[in-house]
Every structure is written in C-alpha cells, then in structure tokens.
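The exercises below are meant to be worked with the sequence and the structure open side by side. Try each task before reading the solution under it.

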Protein chains: 2
Amino acid sequence: MTYCVGAMLKDGLVFASDSRTNAGVDHVSTFRKLSTFSIEDERFMVLLSAGNLATTQSVVTQLNERLDGLSGEATLFSAKSMFEAATIIGTTLRGVLELHASFVQAQEGDPFASFIFGGQIKGRPPRLFQIYSAGNFIEASPDTPYFQIGETKYGKPILDRTIKHGMALKRATMAALISFDSAMRSNMGVAPPIDLLVYRNDSFKADLRIDVLDGDTYFGTLRRAYGQGIMSVFESLPEPSWTI
Amino acid sequence: MTYCVGAMLKDGLVFASDSRTNAGVDHVSTFRKLSTFSIEDERFMVLLSAGNLATTQSVVTQLNERLDGLSGEATLFSAKSMFEAATIIGTTLRGVLELHASFVQAQEGDPFASFIFGGQIKGRPPRLFQIYSAGNFIEASPDTPYFQIGETKYGKPILDRTIKHGMALKRATMAALISFDSAMRSNMGVAPPIDLLVYRNDSFKADLRIDVLDGDTYFGTLRRAYGQGIMSVFESLPEPSWTI
C-alpha cells in the first residue's frame, strides 16, 4: 500500500510519501514514490505516485527519458505551464495502460495508478494537481488545498481539521506527518521512511528534502505528543447526562 | 453509505449505527440499521447491518418471521449460544444471496451485506461477532474489543486510540460518537440520527437506547469540544528543528 499527500499553501508546496510497496504481506519492498524534475532557477516539479508499481515506474521512466527532447515530443522541461505538464503525465499514463492494462487485468491484477503533481514554472504561480488513472486531473485551490492518493482515508480526518491554505509550511509538514501516523497505525502497509519535500514559492528548488526514518527522533516525539494529546482531550471531554 | 460500530467492554456492549441509506446523492433515505431480538430476563441480541439494503432487510425480516418457531428451523430465540445465533444469521444471509446475488450483479449492483451481532443468553457470557458477506464470522476479544462495518476507515484511528476492553460504558459511547463525527466530516453519506444502544452485562434489556438527532445538544457540544481539543493539541505540538 502507498500513502501520499500534497498540499498547496500560500507560501509553497508540501509533499510527503511513504516508501512501502507490497503485493501481499510476504512481498514487501521499499521504493521511492517521489520524483523531481527541475531546471535551476526556472522550474521545479514534484511527482508522487500510487498504484501499480510497474505502471508508475514506466510513466516516470518515460517522463525522464524524454527530457532530452530528442523524440520531438513535449516534455516536462518544454511544457509552458504546469497544466501542460500535467497533461503530458496524463497522456503518458494512458499510453502505459493502453500497452499493459488488459494483460494485467487478465490475471486479475489492478494495472491502474494515480499521481499528485505540483510545482512552479518561472513567471507563473505554483500549482498542484491530482492526476487520475484515466489521465484526467483536478487542481487544488485555497478552498481545497490538499490531495491524497493511495491509502487515504485513515489520514484524512486530521488533514480536514488542520490543513489551511494560509498555514506556515513548517506546520503543514507537521500535519502531514500526523496524517501518516494515523495511516500507519491503522494500516501496516503504510510505513517509513517518509519522503518529505517542501518547496517555497519562487525558489525553484527543494527547500527541504528529508527522509523521515523509522527511528526518527522528531517523528517519534511528534507521534507520542499527539497521541498523548488526543488521549487527554478525550479524557477531558464533557460526559453525557444519560445514565447507563 | 452506512457506518456501524459495536464494542465489547468488561461491563457490557455498545452499539451505534447511522441511519442514512443512499443510492447516489439524489436518492437518500433514513432506515434503521439496528435491530434487537430479546426474551425478557433470558436473552438480548442486537444486529447492526451494512451493505445492500434489500439484502439486509430480507435477512432481518426472515430472522423475525421465523421467531415463532413454526417453520421448525432454528431461530434466534431457540439458539443455545450466541455462536449458534451468529451461525443462523450467516446461513440466512447465504440464502438471501443465493436467491438474489446473480440478478443484482447482472445489473452491476453490489448485493452483499455484513453485520455486527452481539448480545447475551442467560448463563453465558456476552459475545460480539462480525459476520462477513460470505456468512462466516469472527469474534471480538479483550485484545480486539470492537468491530466496524460500512464506511469504517475515517472513524477507525480514534477507536484504535481510545477503545479499551476495561473502559466504562459511558466513555465507550463517547468514543463511538467521536468516531461518527470523524466519519461524518469526511463522508457526507454518513449522517444522523445515530442509533445508540448500550447493553449492561446480565441485564437482558437495552440499558440505554437513544436517537442522537442532527441537532442533538450533547452531540454538538462533544463535537465542538473534541474539534477544539484537537486543534489546541496540534497548536501545542513540538516543532521540528528543520529550517524551511
């Protein structure tokens, strides 16, 4: 299972993904699900992947191999807008599925994949998209500032409560980590290391890129503080008047 | 969508279900998903239903119609144990699916259903089961004291943190209501009234049975207190040392 979150805040973008890939509990591996595409001082793009690993790896490889522009096709480096770049990813995904989907499905496998894609091209505002398995996509806005893909539900309530477009980037990384904590507690298929990347508007580089490992001291402190906080909130809640 | 929770605590059982049934947002109705079967001072059983409404209504109706024992079949009133009673429900579910499943599936509908079933028969301990769509079932234990059916994921993290076998029944009703709050915030298909029933061991009756309505004052207070509590926990969490 996979869990990825991308958020668009007023000061920049926050991306987080776990690194667990599994086909059943006895076939568990660690793969990166976060890829970056950048030209110094001109564009910075981040792609988070969920779903069939053969599909997502094929999409990412093709996106990378085309970057030299030799094929004559539009690339993430030639795209004039993030919208055009998202369209290229969607089209690449469709191409991969066209080649492989029927064979995977014939063996009752799920060939599908989805992506969170965000970044900025110089002279334009940063943007964040969720790309569906069909290759179409939606865009984040101040009202809906975050997207999730993969094992999304356990970690959604805390994001719904905390993520606001106007919040500080550092606070947003904390909200993302707590959301991962919730997902990890309820689904053993979501696991560290957590790949965390923060992009600050107009920097055209990764302003923070860290691996939150299993034994990470800060993550441990955060999880404990949050867990204890929830328990003390629960203990202090007003009791109902009913008699049992 | 449906959301139901059942918990087995040291002092008794707690059941909660929403009442929303929908087939798309333009076809929303309110149906009870909590049924009781009882013989005064001898047995008390509660059944929570999720899934295809035609399937669950057919199962509940058949369980009720057989209670007079005229058909000669084993019934929830003749069962010598909760295990036997759960078996009867599973068998009834299989019978309904055998009759209807292929026709529903032919129209791409989902005919399946699942249940939480709990209660007590005099002279025996209270028990709690989750009955799968296949008619088989698992039983709760002090280590795994609760089950969920329906739209389970949003409301699971808070139950994982708070529900303990040794907790007071009143605290468990509060944990269940907060779990419903999380489910309702993230899925508009889960909605009040919430049917809440508490059974205290050896009472053989509903010790509390209330409808938590949309405008319920206590539920409103609880939701606000919990939401504000989470936000103040979040605000007081230790910040990471990284610089963004």
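## Exercise 1: An unusual backbone angle in two loops

With 20 C-beta neighbours inside 10 Å, A:F204 counts as buried. This model is a predicted one.

Task: find where A:F204 lies in chain A, and decide whether A:E108 is buried or exposed.

Solution. Begin with the position of A:F204, which is in the loop that connects β11 and β12 of chain A. Next, read its backbone angle: phi of A:F204 is near 55 degrees, a positive value in a residue other than glycine. The background to this step is that most residues other than glycine have a negative phi. Then turn to A:E108, whose phi is near 65 degrees and is likewise positive in a residue other than glycine. A:E108 sits in the loop between α2 (82-106) and β7 of chain A. Finally, count neighbours: A:E108 has 6 other C-beta atoms within 10 Å, and a residue with 12 or fewer is classed as exposed, so A:E108 is exposed.

## Exercise 2: Cis peptide bonds

Task: state which residues are joined by a cis peptide bond in chain A and in chain B, and place the second proline of each pair.

Solution. In chain A, the cis bond joins A:P192 and A:P193, with omega about -5 degrees. In chain B, B:P192 and B:P193 are joined by a cis peptide bond whose omega is about 0 degrees. As for location, A:P193 belongs to the loop between α4 and β11 of chain A, and B:P193 belongs to the loop between α4 and β11 of chain B. For context, most peptide bonds are trans.

## Exercise 3: Following a covered strand

Task: determine how many residues of strand β11 of chain B are buried, and identify the strands with which β11(B) pairs.

Solution. Start with the covering of the strand: β11(B), residues 194-200, has six of its seven residues buried and is therefore mostly covered. Then look for its partners. Strand β2 of chain B, residues 12-17, pairs with β11(B) in the antiparallel sense over six bridges, and within this pairing B:G12 has B:R200 as its bridge partner. Strand β12 of chain B, residues 208-212, also pairs with β11(B) in the antiparallel sense, over five bridges; here B:L196 stands opposite B:I210.

## Exercise 4: Tracing a sheet in chain A

Task: write down the strand order of the five-stranded open sheet of chain A, and name its edge strands.

Solution. Reading across the sheet gives the order β5-β6-β7-β8-β9, with antiparallel pairing. The edges are β5 (34-39) and β9 (137-139) of chain A, each of which pairs on one side only. To describe the twist, note that neighbouring strands of this sheet are turned by 20 degrees against each other on average, direction ignored. At the β9(A) edge, strand β8 of chain A (residues 127-131) pairs with β9(A) over three antiparallel bridges, and A:Q130 is opposite A:I138 of β9(A). Last, add the helix: α1 of chain A (residues 53-65) lies across β5, β6 (43-51) and β7 (113-121) of chain A and runs at about 160 degrees to β6(A).

## Exercise 5: Two packed helices

Task: describe how helices α4 and α5 of chain B pack, and list the residues that make their contact.

Solution. Take the geometry first: α4(B), residues 169-186, and α5(B), residues 217-236, pack at an angle of about 75 degrees, with their axes 10 Å apart. Angles of 65 to 115 degrees count as roughly perpendicular, so α4(B) is roughly perpendicular to α5(B). Then collect the residues: α4(B) contributes B:M174, B:L177, B:I178 and B:D181, while α5(B) contributes B:F219, B:L222, B:R223 and B:Y226. Sorted by type, these residues comprise six nonpolar, no polar and two charged.

## Exercise 6: The contact between the chains

Task: work out how many residues each chain gives to the contact, which element of chain A supplies the largest share, and how the two copies are related.

Solution. The contact takes 37 residues from chain A and 37 residues from chain B. On the side of chain A, the elements that each supply at least two residues are α3 (156-162), α4 (169-186), β11 (194-200), β12 (208-212) and α5 (217-236). The largest share, 11 residues, comes from α5(A). By type, this side of chain A divides into 20 nonpolar, eight polar and nine charged residues. For the symmetry, chain A is superposed on chain B by a rotation of 180 degrees with 0.0 Å of shift along its axis, at an RMSD of 0.0 Å; the two copies are thus related as by a two-fold rotation axis. The same surface serves both copies, since 100% of the contact residues of chain A recur in chain B.

Methods: Residues are numbered from 1 along each chain as its sequence is written. Chains are lettered from A and ligands numbered from 1 in the order in which they are written. This is a predicted model: local features need pLDDT of at least 70, side-chain atom pairs count only at pLDDT 80 or more; totals for chains, interfaces and linings use all residues. Axes are lines fitted to C-alpha atoms, for helices over the stretch in contact, and angles run from 0 to 180 degrees between N-to-C directions. Helices (H or I, at least four residues) and strands (E, at least two) are DSSP runs, numbered from the N terminus. Angles under 35 degrees count as roughly parallel, over 145 as roughly antiparallel, 65 to 115 as roughly perpendicular and the rest as oblique. Two residues are in contact if their C-beta atoms, placed from the backbone, lie within 7 Å. Ala, Val, Leu, Ile, Met, Phe, Trp, Tyr, Cys and Pro count as nonpolar, Asp, Glu, Lys and Arg as charged, and the others, Gly among them, as polar. Copies are superposed by least squares on the C-alpha atoms of residues with pLDDT of at least 70 in both. Two strands pair if DSSP finds at least two bridges between them.
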